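This briefing addresses one protein chain and the strand pairing within it. Please consult the sequence and the structure shown below.

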Amino acid sequence: MNFEDIILILFFTIFLTVSTTNEIPDEAETKTEFDFFLLDEFNKKQDLKTDKYEWTITKDPRYRGKWTIENSKNPSGVINDTGLVMKTEAALHGISKEFQTPFDPTSKGLIIQYELRYQEFVSCAGSYIKLLSQFDSQHFSRDNDYLIMFGPDWCGKQSNAVRFIYGLNDSGNDKEATATESKSGSEKLVQLEDPPEMKLDDLSHLYTLVIFPNQSWEIWVDLETVKQGSNLTKGFNGIEQKWINDPDDFEPEDWDENEYIEDPNAKTPQLWDTEQDGEWEAPRIENPDWEEWQPRKILNPNWNENQNGFAFQPIHGMGLELWSMGKNIMFDNILVTSADKINEVKLFANQTWGIKYHLQFQEQERKRLEEENKLWNRFISFSLSQAAKFTEFINDHPKIMIPAAAVFLILIFVVSFKIIFFSSSKTDSNANSNTNESQDKKNIKKVEGEEKEKGGGKENESEKEKEKEKEKEEEEEEEEVIEVNSNKND
Ligand SMILES: [Ca+2]
């Protein structure tokens, strides 16, 4: 039995204890103690303004967004769950925290992990954390240098990504030429080229970045590895590769570009009748002389052998410096520690986020089923009332009893068919992922809709109108049912 098995058994024991007591756990009660470099659970009311080693709201006047530490909204999962919340719509928010002693990731690597929850619909928001070199927390802003930026960045079509940007250690390179993006001039910021997607429903999600001392790295979303690499120099925008295509090498004019040619050995079949069958064409075969042309590789003049990936150096604090169109975005359980604590980090995550998310999901599902049942009950009572009226009508008109009964049976058959085959996906026990995926899609759609309203492309205007009409029809249908019921009750 290895360590991971022990962790899993421990976690499930704790989880079973929690879930079989049938009580919703208090956030503070779910976990054991851990020895992390820094862990902020936001479980007590902190003074966000005065204590140097707590969170400090920036005094930079550009940042008018409000921050609070407050309880999470329903479905909260665990009770008394508090977190750090961005409160202001369409505003820049800035807050940071200095570490009492700098954290040096050089020998043991680094893990940063946090929970993020869009408690209500957000059309566009940065939600990432910056790890900082020396800085002044009172005046923290976007102008501060950072060593690492990690986390979700959401803005409809333009951005649905878990960003990972870091300062490249390229000491020895021509700073003037490479420090275009860097604020400090000592490092160049490079960004993960193909970042993973974030989660977009309104529940808590967990984002983790692990960098090992050998510069291999992993990104987890909800404890699942969604991206990883064996080094920090491949797959990042802005890193010069050693060998590049020679820009002065061109394809020769007489280069044979035909990958397929007519088979020179093929002959017109004897029975081929050009008048009847048309002109005969030889079958095509691979061209034996064809070769894909590749430009010559040359040593990149901008490459230097000192590109050592992440410039491991002491981290003095962290900051959130974010623009948001939405409000009530919650951060929780922010954790910074060394990569040798990876198993403890997983265990902690299972004991906190794991339980919280599971309960949030259950709560959400319960509400959804309640809503569905309400609609169903309305439908049943409506059907019963109509059936009663129908019976009365038939009693009064016995001649049409047989055709009417046939129509009635067909109706029952059609309705049952629809219910059985079109509602089965909703009652699927795998509703978990279905619901959240569709919620993600809904959010993307919603933002795309908003983008268009703000003067974006008109190409899908009619589609949008159709959608609106459909929604309206559905609403009207629902109202009709309610109306019929209330009439009946009258
Ligand atoms: Ca918390």
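In which sense do strand 8 and strand 20 pair, and over how many bridges? The two strands, the latter spanning residues 315-324, pair in the antiparallel sense over three bridges. The model is predicted, and the points below set out its overall makeup, the surroundings of strand 8 and the confidence of the prediction.

**Overall makeup**
- Seven helices and 21 strands are found in the protein.
- Of the 490 residues in the protein, 28% are buried.
- When contacts between residues at least 6 apart in sequence are considered, 76% of them join residues at least 24 apart.

**Strand 8 and its partners**
- Strand 8 covers residues 129-132, with I129 and L131 pointing one way and K130 and L132 the other way.
- In a regular strand, side chains alternate between the two faces of the sheet.
- I129, K130, L131 and L132 are all buried.
- Strand 9, residues 148-155, runs antiparallel to strand 8 and is joined to strand 8 by three bridges.
- Within the pairing with strand 9, K130 stands opposite M149.
- On strand 20, G317 is the bridge partner of L132.

**Confidence of the prediction**
- The average pLDDT of the protein is 80, and 73% of the residues score at least 70.
- Over residues 424-434 the pLDDT stays under 50, and the model has five contacts beyond four places in sequence for this segment.
- Residues 477-490 also have a pLDDT that stays under 50, with nine contacts beyond four places in sequence in the model.

Methods
Residues numbered from 1 in each chain as written. Buried ≥ 20, exposed ≤ 12 C-beta atoms within 10 Å, placed from the backbone. Helix = DSSP H or I, 4+ residues; strand = E, 2+ residues; numbered from the N terminus. Pairing = 2+ DSSP bridges. Contact = placed C-beta atoms within 7 Å. pLDDT = per-residue confidence, 0-100.
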